[in-house]
Amino acid sequence: MLRPIRTLAAAAAALALVSACNSASTNGSSPGKPGDAPGNSRGVTADSVKVGGIVSMTSAGGYSKKDTDLGAKARYLRANAEGGINGRKIDYLGAEDDGQDPAKNLAAARKLVQQDKVFAVAPMSSVTFSGADFLEQEKVPTFGWGTLPSFCGPQHIYGFNGCLVPTPGGTLNQTWPEGIGQVLGGAQGRSVAIIANDSDAGKFGIRTFQQGFASAGFKVSYAKASVPATAVPSDWSAYVKEILAANDGKAPDAVVSVMQTPNNIGLFTALKRSGYQGLLSDPTDYDPGLLAKDATKQALDGVHVLLQFQPFESTDPKMTQFKADIKAASGGQEVPLSMHMLTGYMSADLFVSIARKAGKDLTVESFQAAAQGFSDTGTLVGDRAEPKGQKDSFGCGALVQLKNGAYEVSVPFKCYEPIPFK
């Protein structure tokens, strides 16, 4: 019952201008409080449950997360082949394209709920999540990568690997500092430099990782959100000079970049040209598409990349299943794997897993009750538990290193004890 991906309808754009208080009832009857019965079983029939997605399929800068939709489709196809959700087939409508535009993100959320009458949104994958308040108000179970604050706290919004934006009273995932410590043979006596963009996200990244690396035993010799967020510097010499003298006049043992690929390429290239021999690491550059250009491969060679899921190089049976599901969803063709595919796949997987535990009488209330006591182990993102995941990450991850044009696992996937975030 899978339908082809559809682009955002023109009417949905107009919906973005309508305030939440004037929204139509979710069940097509007279207006009432958001999420009130009988709307609590919206999208559910005797033999199907309707699900949609919101994904940045396009963007002004050309960046795309379109593979997220394929990942979700792959997981739903297998779920349906196994009998669906307690006998109900999953009617996946595909993903609405928000174009990384806040207005379109909200419009897509409204369209899926008010026009398409979906029970859940899985996946939601975008750098903007302006539709979060509306989806929470309408009590729509929503699933995505918990890298945005909206995945941390709301009752109906879930990160497939938990909440990755710590708040006071929450915890910090220690995969990165613990993994780098393993590569270096221990953190004691080792120093690290952390660099990020001059933005709210960059400053928050510096705050969190500075605490995490210090707690793991590293000396944090440099921690600055100083790189312009609006443009990639053409000259990295000033940053390199500061970093190379940060450890009491010496170079640090590791340089950690909390930035995107274009910045990482520039920074790492400049550090290598300066003669830097220490460890380089970032959380973004795990993508076979990056290996298509020799210049990119050279710039990122030797870099250890943080993952918060099982590496594609893993021999874990669940990774084998993931690859088979992606191939099936691609019409039997081998396609390059990406982090976006896994985002869609695991968002769909968490939804399916909780919905199956909700039983035959599937409503928002029964779904939420199942989520409150949900837990499982050994998934591609480790051990999962709710509602823990709405406040904390699941604390698992790995490091991979690009060597001679191919990725290798440098620190195997493992779950680490998180630390309190201050």
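Which residue is the bridge partner of Val55 in E3? In this predicted model, the partner is Ser125. The pair belongs to a parallel arrangement, in which strand E1 (residues 48-55) is joined to E3 by 4 bridges. Strand E3 itself spans residues 120-125. This strand is mostly covered, with 6 of its 6 residues buried. E3 also pairs with strand E4 (residues 142-144). Here 2 bridges are found, and the two strands again run parallel. Within this pairing, Met124 has Gly144 of E4 as its bridge partner. E3 is thus bridged to E1 and to E4.

A further set of strands forms an open sheet. Seven strands take part, in the order E8-E7-E9-E10-E11-E14-E15. Their pairing is mixed. In general, the strands of a sheet pair through backbone hydrogen bonds, in either a parallel or an antiparallel sense. The edges are formed by strand E8 (219-228) and strand E15 (406-415). Each of these edge strands pairs on one side only. From one strand to the next, the twist averages 20 degrees.

Inside this sheet, strand E7 (residues 191-198) pairs with strand E9 (residues 254-258). The pairing is parallel and extends over 5 bridges. At one position, Val192 stands opposite Ala254 in E9.

Helices pack on the sheet. H6 lies across E7, E8 and E9. Its direction runs at about 165 degrees to E7. Helix H8 (residues 261-273) touches E7, E8 and E9, together with strand E10 (279-282). The direction of H8 makes about 175 degrees with that of E10. Strands E7, E8 and E9 are therefore shared by the two helices, H6 and H8. 

H6 also meets a second helix. The axes of helix H5 (residues 175-183) and helix H6 (residues 200-215) come within 8 Å. They cross at roughly 45 degrees. This angle makes H5 oblique to H6. The crossing of the two helices is right-handed. On the H5 side, the contact is made by Trp176, Pro177 and Ile180. On the H6 side, Phe209, Gly212 and Phe213 contribute. The residues of this contact comprise 5 nonpolar and 1 polar, with no charged residue. By this count, Gly212 is the polar member, as Gly is classed as polar.

Methods
Residues are numbered from 1 along each chain as its sequence is written. This is a predicted model: local features need pLDDT of at least 70, side-chain atom pairs count only at pLDDT 80 or more; totals for chains, interfaces and linings use all residues. Side-chain values use heavy atoms; hydrogens and water are left out. Axes are lines fitted to C-alpha atoms, for helices over the stretch in contact, and angles run from 0 to 180 degrees between N-to-C directions. Angles under 35 degrees count as roughly parallel, over 145 as roughly antiparallel, 65 to 115 as roughly perpendicular and the rest as oblique. A crossing is left-handed if the near helix is turned anticlockwise from the far one by less than a right angle, and right-handed if clockwise. Contact means heavy atoms within 4.5 Å. Two strands pair if DSSP finds at least two bridges between them. Buried means under 20% relative accessible area, exposed over 50%, partly exposed in between (1.4 Å probe, protein chains only).
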